[in-house]
Amino acid sequence: MITTFLNLPRYQKRVISVASDVVMLFLSIWAAFALRLEQHLWVPNQDQVIAASITVIFTIAVFIRLGLYRAVIRFLGDKAFLTIIYGVILSSLSLMVLGYLLQAFIPRSVPVIYGALAFLFVSGTRLGVRIIVNHPRQRAKEAVAIVGTGETGMQLASALQQGTEYRPVMFVSLLRSNHKAMINGLPVASIEHIAKHAQKHGVRRILLALDAESTVDRKDLLKRLEPLTIPVQTVPSMSELVAGQARINDIRDLDIADLLGRDPVRPDTAMVADSLYQKAVMVTGAGGSIGSELCRQILRYKPRALVLFEQSEFSLYAIERELQSINQIEGLGVMLHPVLGSATHRRRCEVVMRAFGIQTLYHAAAYKHVPLVEQNVIEGVQNNVFGTWHAAEAALATGVERFVLISTDKAVRPTNVMGASKRLAELVLQGLAQRQSDTVFSMVRFGNVLGSSGSVVPLFRDQIRDGGPVTVTHPDIIRYFMTIPEASQLVLQAGSMGSGGEVFVLDMGEPVKIADLARKMIHLMGLDERTTGEPDGDIEIVFTGLRPGEKLYEELLVGDDPQGTAHPRIMMAREASMPWVSVETTLDKLRRASQNFDCRAVTEILKDAPTGYAPNSDVADLVWRAGIEAPRDETNEGNVRRLPI
């Protein structure tokens, strides 16, 4: 019957609601007289019938005017009940007035009793219908526990109760004093007792709803939640909600910063703003994971112009569209210029920098994926070394004030071509910094970036969702990690701090064991690891062995004597450099070896340069390896193998 009522057209439901209220109001008047006069079979006289009829008609008119019949019963809230209260008060007053005007016998207590009964009957019928309608819906939804009893937690609970997927059954408080309290009709359990109460209430998912100003130790919190083997997810931050980028009930997987387990580095915004505000800024590799985040953050410092330099057409289209939207919504007034091009083309770089009067340049264009660069040696060197050199020379030719290179911890004592090429790129900039003083060159070196293309976190997440196995190269491999926004903030900070030739590194805290990160993700996604001791587990971790050029741990410093800076979490490395004459000689040798496609010569040049390059495997270039067995062309000068086309 209730389902039939809900499926009726809106006007028919309103007619039924009005008819129901008419009956309830007449019943309330009759019951009020019967109770007051203590006559169970009380029969009204003519004047009382007229007064009652006019009162009911007036009350219905008031309800219509207050919008009671526009309220959807399934989503009935506090405002609807206030509307009923206002209508009933006016109805009681009208009954008193009509009794006086019609000289009908209406004892003074009857309007009061009538008002109470009318509120109970009118609101009670609606509340009963709402309970009947919502109860099956609520039971069908997934039971969730909300961690956090602040404003964010309250908003989330309210949103979920109105939604169709999740049903909040309990709050989890980080304060012991809140244990066994009730908030918004839901029980509160202390974090110490979460296991017991989660089982009691049948919790199938845990949602983190911590306020932005919360000082909770997230690393410790996740450590407490991990043994529950219940999926742990989070809700958008308050800044995303305010900016309209997300809704409170947009449930998502754990923030990468939560998995990182430490507070992110905060930049000195005043210093960064001074180097960017109303400046012409250019970002190479603007469509990449680091480059695009750099662009987002630079945009909010309101530069005069922002040039997006990118060789991938789709990546450039995507980031330009996103930035234009932010620029328009927030009224930043920044001139955005999407430019297609490669950093390896010096003339193109120079023309672009001169056309837009570039003052600050962030060089994020690079090949960063270790195995791919190991298998494509020449292209890796061309992009990482010569791309940096050509962009830097173009910056010198056009009078760019600051040039910041995004480097990597793999440049420290590298065992792979990617790291060696990035270290040589650093040496190129250090040599250029010694050669002149007009352009300030600086480098920023950081560890693995969580969430970037090729990062282990999205890879592990996809493998877990696909049912496993999760692939880790070695059980003892460790890495330093940081988030994309954090890495970008560091780059901006270093760009404002550099005075010429410095290598900046981040105090990244404790390194993370990759196998432990994989286990944490498995547990926090509500699954168990499958091992020989636990054969019934859900996901297995498989160790595949170190890849070519990969090592067990990365370092951030070549030397052991870092120098502090104005920022407490940023250090400046003290490292050896090469004079420009030596750099130029090395680049010339590298250029000739690359033109001859002699991958072995390229790796030897990288080893001879002071990069610290010590490969742990033979040349793995795919094309080079495919051509090793090709016959020699005796007519080819230098006996360079010519690969079949």
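Helices, taken as H or I runs of at least four residues in DSSP, are numbered here from the N terminus, as are the strands, E runs of at least two residues. The structure described is a predicted model.

Helix 11 spans residues 269-276, and its buried residues are Val272, Ser275 and Leu276. These residues lie on the same side of helix 11, because the arc they cover around the axis is only 95 degrees. The face turned away from this buried side carries Ala270 and Asp274, both exposed. Packing of the buried residues of helix 11 involves two strands and two helices, namely strand 8 (280-284), strand 11 (360-363), helix 12 (289-299) and helix 19 (484-497). After helix 11 comes Gln278, which has a positive phi, near 60 degrees.

Helix 14, which covers residues 346-356, has Cys349, Glu350, Val352 and Met353 as buried residues. Their directions span an arc of only 165 degrees around the axis, so they are placed on the same side of helix 14. Arg347 and Ala355 are exposed on the other side of helix 14. The buried residues of helix 14 pack against strand 8, strand 9 (305-310), strand 10 (335-340) and strand 11, and also against helix 16 (377-397). Strand 8 and strand 11 therefore appear among the packing partners of the buried residues of both helix 11 and helix 14. Helix 14 is followed by Gly357, with a phi that is positive and near 60 degrees.

The cysteines were also examined. Cys349, one of the buried residues of helix 14, has a relative accessible area of 0%. Because buried means under 20% relative accessible area, Cys349 at 0% falls in that class. Cys295 is likewise buried, with a relative accessible area of 0%. No disulfides were found in a search of the whole structure, where a disulfide would require a pair of cysteine sulfur atoms within 2.5 Å.

Turning to the surface, a nonpolar patch of about 790 Å² is formed by Phe58, Leu66, Leu82, Ile85, Tyr86, Ile89, Leu90, Leu93 and Met96. Two or more residues of the nonpolar patch come from each of helix 3 (46-66) and helix 4 (78-101). The most is given by helix 4, which provides seven residues. Ile85, one of the residues of the patch, is found in helix 4. With a relative accessible area of 33%, Ile85 is partly exposed. Because patches are made of residues with over 30% relative accessible area, Ile85 at 33% meets that cut-off.

Two loop positions were considered as well. Arg300 is located in the loop between helix 12 and strand 9. Its relative accessibility is 37%, so Arg300 counts as partly exposed. Arg300 and Ile326 are 26 residues apart along the chain, and their C-alpha atoms are separated by 8.9 Å. Lys180 occupies the loop between strand 2 (166-173) and strand 3 (182-183). Lys180 counts as exposed, because its relative accessibility is 66%. The C-alpha atoms of Lys180 and Ser190 are separated by 7.8 Å, with the two residues 10 apart along the chain.

Conventions:
Residues numbered from 1 in each chain as written. Predicted model: local features only at pLDDT ≥ 70, side-chain atom pairs only at ≥ 80, totals over all residues. Heavy atoms only, no water. Buried < 20%, exposed > 50% of the residue type's maximum accessible area, 1.4 Å probe, protein only. Patch = residues over 30% accessible without salt bridge, like charges linked within 9 Å, V, L, I, M, F, W, Y side chains within 5 Å. Areas by Shrake-Rupley, 256 points an atom, 1.4 Å probe, with all protein chains shown as cover. Salt bridge = Lys/Arg side-chain N within 4 Å of Asp/Glu carboxyl O. Arc of directions from axis to C-beta. Contact = heavy atoms within 4.5 Å.
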